[in-house]
Amino acid sequence: MHFFKNNPFIKILSFLFLVSTLVLSIYLYGVFQKIENKYKIDTLKQNELEYRIIHRNLINTKKDIEYISKLYKFFNDNNNYTNSEKLKLFSGNIKRLIESKKVYSQVRFIGIDGYEIARIDYKDGKSKVIDEKNLQNKYSRYYFKESLNLKDGEIYISKFDLNKENAKVEIPYNPTLRLSTPVTDRDNKIIGYVVINYLGSDILTELNLYAKDIDTLLLNKDTHYLVGFTPEDEWSFMFGDDTSFKKSYPYIWDSFKNKQISSINHNGIQFSLLSINPVEIVSPNRNAKSRREWILVSYVENEKIYGEFYKYIDSIKILIGIFGLLIVIFSYLLATYMKKMNLANIRMEIADEVFKNTIEGIMVVDANTKIIQVNKAFTDITGYSETNVYGKKPNLLKGEFVEESDTYKNMWKSITEKGHWNGELTNQTRFGEKYISKLSIGVVKESGKILYYIGVFSNVTKQIEDKRELERTALALKNSLEDLQKAQNKLIESEKLTALGELIAGISHEINSPLGAIKSSSENVIDSVSRVIKEVPKLASLLNDDEKILFEKLKSSIPLESSFLSIKEQRELRKKIKLQLDELGVESSRYFADKFSQFNVENIVEYKSLILHKDAKFIINTLFDEYSTISNMYNIKRSIDRASKTIFALKKFAHFDHDREGVIEKIEDSITNVLVLFNHNLKQGIEVVRKFDDVEPLYCYSDELSQVWMNLVSNSIHAMPNGGILAIAIYDENEYQVVSISDTGHGIPKDIQQKVFEPFFTTKKSGEGSGIGLDIVKKVVDAHGGKIELHSDTNGTEFKIYISKNVGK
Amino acid sequence: MMSAILCVDDEEFVLKALYQDLSNHFGEEYIIELAQSAADGLEILDEIQEDNIEVVVIISDWMMPGMKGDEFLVEAHKKFPKVIKILLTGQADKDAIQNAKENADLKQAVFKPWDSVELIELIKSNLKELNE
């Protein structure tokens, strides 16, 4: 149904079809009515025609009977003839008359006693005067009896029936009307009656002659058929059959009864009935009693009407077809047009709704820049009502605010050149309130000429303020973020400082120890050098040549770098040498053993002569001073190396590269560096086990990685207050290099293992750490495309740090 | 009877520097013993006692692997209460110094970097005091 509802073509077509069908039906009904009416009129006319025929015939007959009557009277009153001559003359005239008329089968003159006086018969075109001897008395006949009631000039007319001969119906049927009229003598006394038999068949033939399209019945008073639908109907009443019209069509009969004329359509037949009083025609002055009635029924079957109607329809069917086609075409065109109109209407309605309900102010300005229409939003924004602004120029909206002249110039330029303009203007409401209007102007043109300017605007003051506020907020947020980042960096720095603080004890030792050694050694160098300067010349005088050679040999056998002997080894060496010296019986064996162990010279027997020399102590001392000079220098160098290493590690750690420039470096390097920093702390009962595979250098943020190791090593040291093993391993695993840092400490409780990577989570006392450590670790590892695995139980903790080999690629 | 001065420090260069310094000033009269840990130090103490050598001065570092300096001095004090005990440390741990003072009759805590002259003077003055 949807289709029908929304298809205007179908709608229109249906409507037009219904209307035209209705019109056509009415028209055809009219046509039908007309045809029907025509037939009705035709039946009426037919009746009239038939009536006239009957009338004419009856009048002719009347004239004839009157003529006959006068003829008889003429002869009767004429005394010039004998009675037989009179009769002979009369009969001769009548004979000729009826032969010429041919409608009278018998003409008689019957005396008042009922005896036939003259009788002329006519049959088959011939007339015959009946002999006197064959004349009969007709006194008892109904027509004679009826005739007796006639006054002079009156004419009797009989029922219309079949002629009977010897009380039997004459065959073939001989429909007969008898007319009679009195004949008077000179004294106006009735002497007899003229009786004529009128051949009814003549009148009936003539009736049928005119019944072509329309059939006509003739009924007698009892509606028996004189002319019937079929020959069988006719005259049946003569044989005792009671077939009659009123029996067959009682409804029609009832509606006609007592009327002169009637027309009715019933049972598929159009009937028109007309009553005829033949007595009135032939003898209008007779009394009403003598009234006789015939009824003419002209009828046409409706089928005939339909037939003509159908014929008519048939003749106009092409027209109907063309008309139908025209309706279809018209419907289509109308539907198309309506669709267009409808669309245009909808557009108009939409535009109107938009105009009315939009929250943006709209003003329509004509070519003379006069406002001609504004909407409600216009009033809401500007405060000016419709009546305030009609016919005014739009610049009244400016109030006291005037934009730079360029603004308006550009506006008009844009409107005239491009047909539109967008921008913001500062305006003032009717109540003096300033607002910023975001305005868009368009134009409606007709053949290149601007008809209207359409201005659409909204009050964007709040939006602009909001925008500014937002910008301010955004700026504030940006600053806050920067502050936060600074704070975060500070926090990281602070975390580092905390770690550094913890390290300071160790670090200062690490620095101060070599410093002390340097200081001491350098003073010793000065002492020993100054002593050597004094002693060497003296030594030369004390030694003979052999001793000098031996001294030089001893001197050259002393390894300058004596560090390959540990303190312990040196001590063992000293013990051995002392035993040798004791065996040699050397006094001050401990003293010499001490010096020789410093020289790292085990075979002292070779230098027995020097040891047993009377100035042995001076000689050995001088050598020791010489040796000390070098030895101290080495010690200074070693101390400086150590201090430098520590300082370097510290510097490396303290450095924080905010620009994050990666370097290609071995992971091992940053770990070693951190271990240097922790050197001091690790001395407190922690054994460091390193298992560094020889992995490739990789791209990393070395400084940040140092922080990772720093955090993890520091945590491990904290976890092992009573010492333990810190195992550090580096190895390759797929796309990662893995650094495993494990300790034998107290472990991390299960319930906080997940939390340790959260910022500010700490188990340390306040001041020991900010708790940001593992958070930094996680961030740094993330930055290296890596991951962290944590395994911890009461036997210790292992952190596995996975560093991607693909960072920076 | 011979006397000895014992130096304990885990850093070899410190021991070497101390050895040079002490042997320059006390080499004639005193044996200079060096130990790289407290454990070694205690061992040496026992050893030289067997050799009938008297330890008169102990100079010990504080921060060392294993036993810390103050603990070492406390141990040494138990056996050699008269020995002059000096802590030579890079970073003063107040608790440790206090411990050594109370339980080891610590004479002085000398901070690294030390001044040789001051250290020698300190030892000399204490030795003088001891001999008187």
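**Sheet and chain contact in the predicted model**

Asp215(A) has Tyr299(A) as its bridge partner in strand 14 of chain A. The structure is a predicted model, with an ipTM of 0.89 and a pTM of 0.43. For chain B, the average pLDDT is 89, and 98% of the residues score at least 70.

Strand 10 (residues 215–219) and strand 14 (residues 294–301) of chain A run antiparallel and are joined by five bridges. Both belong to an open sheet of five strands in chain A, ordered 11-10-14-13-12, with antiparallel pairing. The edges of this sheet are occupied by strand 11 (225–227) and strand 12 (261–266) of chain A; each has a single partner strand, so one side of each is left without a neighbour in the sheet. On average, and with direction ignored, neighbouring strands of the sheet are turned by 25° against each other. Helix 9 (residues 302–357) of chain A packs on the sheet, where it touches strand 13 (269–276) and strand 14 of chain A. The direction of helix 9 makes about 40° with that of strand 14 of chain A.

The contact between the chains involves 30 residues from chain A and 29 residues from chain B. On the side of chain A that touches chain B, at least two residues each come from helix 13 (461–542), helix 15 (567–584), helix 16 (589–599) and helix 18 (616–654) of chain A. Helix 13 of chain A gives the most to this side, with 16 residues. By residue class, the side of chain A that touches chain B consists of five nonpolar, 16 polar and nine charged residues.

Notes:
Residues numbered from 1 in each chain as written. Chains lettered and ligands numbered in written order. Predicted model: local features only at pLDDT ≥ 70, side-chain atom pairs only at ≥ 80, totals over all residues. Contact = placed C-beta atoms within 7 Å. Helix = DSSP H or I, 4+ residues; strand = E, 2+ residues; numbered from the N terminus. Nonpolar A, V, L, I, M, F, W, Y, C, P; charged D, E, K, R; others polar. pLDDT = per-residue confidence, 0-100. Pairing = 2+ DSSP bridges. Axes fitted to C-alpha atoms, helices over the stretch in contact; angles between N-to-C directions.
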